[in-house]
Amino acid sequence: MSTIPTSMTVIAIRSPGAPEMLVPEQRPVTPPGEGEVLVKVAAAGVNRPDVMQRMGLYPPPKGATDIPGLEIAGEVVALGAGATRFKLGDQVMALVVGGGYAEYCPTYESHCLPVPAGLPITQAAAVPETFFTVWYNTFERGGLKAGETLLVHGGSSGIGTAAIQLAKAFGAKVITTAGSPEKCDACRKLGADLAINYKTEDFVAATKAATGGKGADVILDMVGGDYIERNYEAAAVEGRVVQIAFQGSPKATVDFRRIMLKRLTHTGSTLRARSVADKGAIARAVETNVLPLLASGRVRPVMDSTFALRKAADAHARMETSAHIGKIVLTI
C-alpha cells in the first residue's frame, strides 16, 4: 500500500458558472475523522446536484467541503478513530457529502458499502448516490410493492435506469418517460413495461391506458413544475407521488382536490443534508436489499461515459446536453 501524500489534485469550482469553471487545483489531503475512513478514490460519480452546485444553485451543507462529488469508489488507505468495519486495502463505494472529485476523500464508515467481486470500480462509483436515492424514495417513502405500478420520469437518467431495474427486480410493473426514441428503447431494454416519449405522447393518458384506467401506484418525479398536477391525474387511488428534484420548477399551480378524491400522498426528500445516522440507516437498507442484486449482476448501473478527473468540465458538459443514458463517471 502506498504512503498517503500530503497534497492531492481536486476539482474546484473557480466561481459559479459554466462547466469550464471546474478547474484542477492542489489541496491538502484531509485525514479521516472519528468514525471515518480515508478512501483513495479510483472513480467518482457525476450527478445533477454537482451541476447545480457548480452553477451556484445548490450550496454544500454547513461544514461540508466546497469540492463537488457525492459518490466515490476506491481503496481504504487510512482509518479514523473508532472505524473498525473495514481494513486497509478494502475496496468500498461510499456516499459522501462532497469532495468526491478528488484523489482522496474521507467518508463516514457507516456510509460505505463493500464493492462486490465482479463489479468494476467505475460501476461501483455509480452506485451510492443513485441507488441510495432510488431505494429510499421508491421503496421506503413510496412503499412500492410487488404487483404495483411505478411511473418513473426521466427513465434514461442515472436515477431512472436504477429505478427501472430495482422496481422490476422486486416484482413491480414499470412505466417510464424519456425524451427520445433511443432513450425509450434503452428503458425497455432495462425492463420497462412501457416507455413513453414525453415529447410526442401524453404520459397521463398513456399511463392510464397501460393500467386499465387505474393509474400508477407510485410516481418518482424529478421534474416538478406542471408535472405535479399531471402526476396527480396519472396516479391511482391511494397513489404515492415522491418528489426527488425540480428540473422544471419548484413552483406550480395545482388543483389539490385530486389529493382528497384519490387519497394521494405527495412526499419528497433530499439526501445530502440528512444526518449521518439517517444516511447510515439507508446504507444498511441498500446493503441488505440491493447489494445482493448488484453482486449477482441482476442489477447493474447503466454507464454512459467516463472522463479523467481533470476533464470534469467535459463530463458536466456531457450531462448538460441531456443526451446521456445512464451514469457519467470520473476516473482517477
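These legends go with close-up views of a predicted model.

**View 1. The largest nonpolar core and its best-connected members.**
This core brings together 50 residues, and the ones touching the most other members are Met 93, Phe 131, Phe 132, Leu 150, Leu 166 and Leu 220. Helix α4 (residues 158–169) is the top contributor, putting in seven residues. A separate core of 23 residues lies apart from this one, including Val 51, Ile 67, Tyr 101 and Ala 313. As a rule of thumb, nonpolar side chains in soluble globular proteins tend to be buried together.

**View 2. Strand β11 and its neighbours.**
Strand β11 (residues 216–221) is largely enclosed by the rest of the structure, because six of its six residues are buried. Strand β8 (residues 149–152) pairs with β11 in the parallel sense, over three bridges; here Leu 150 has Val 218 as its bridge partner. Leu 150 also turns up among the core residues that touch the most other members. Strand β12 (residues 235–243) runs parallel to β11 too, joined by five bridges, with Ala 216 partnered by Ala 235. Put helix α7 (residues 227–234) together with β11 and β12 and you get a right-handed β-α-β unit.

**View 3. Cysteines without disulfides.**
How many disulfides does the count come to? Zero. Take Cys 112: the nearest cysteine sulfur belongs to Cys 105 and sits 9.4 Å away. Cys 112 has 0% relative accessibility, so it counts as buried. For Cys 187, the closest cysteine sulfur is that of Cys 184, at 6.2 Å, which is too far for a bond. Cys 187 is buried as well, with a relative accessible area of 1%.

Technical notes: Residues numbered from 1 in each chain as written. Predicted model: local features only at pLDDT ≥ 70, side-chain atom pairs only at ≥ 80, totals over all residues. Heavy atoms only, no water. Core = buried A, V, L, I, M, F, W, Y, C linked by side-chain atoms within 4.5 Å. Buried < 20%, exposed > 50% of the residue type's maximum accessible area, 1.4 Å probe, protein only. Helix = DSSP H or I, 4+ residues; strand = E, 2+ residues; numbered from the N terminus. Disulfide = S-S within 2.5 Å. Pairing = 2+ DSSP bridges. Right-handed = clockwise from strand over helix to strand, strands pointing away.
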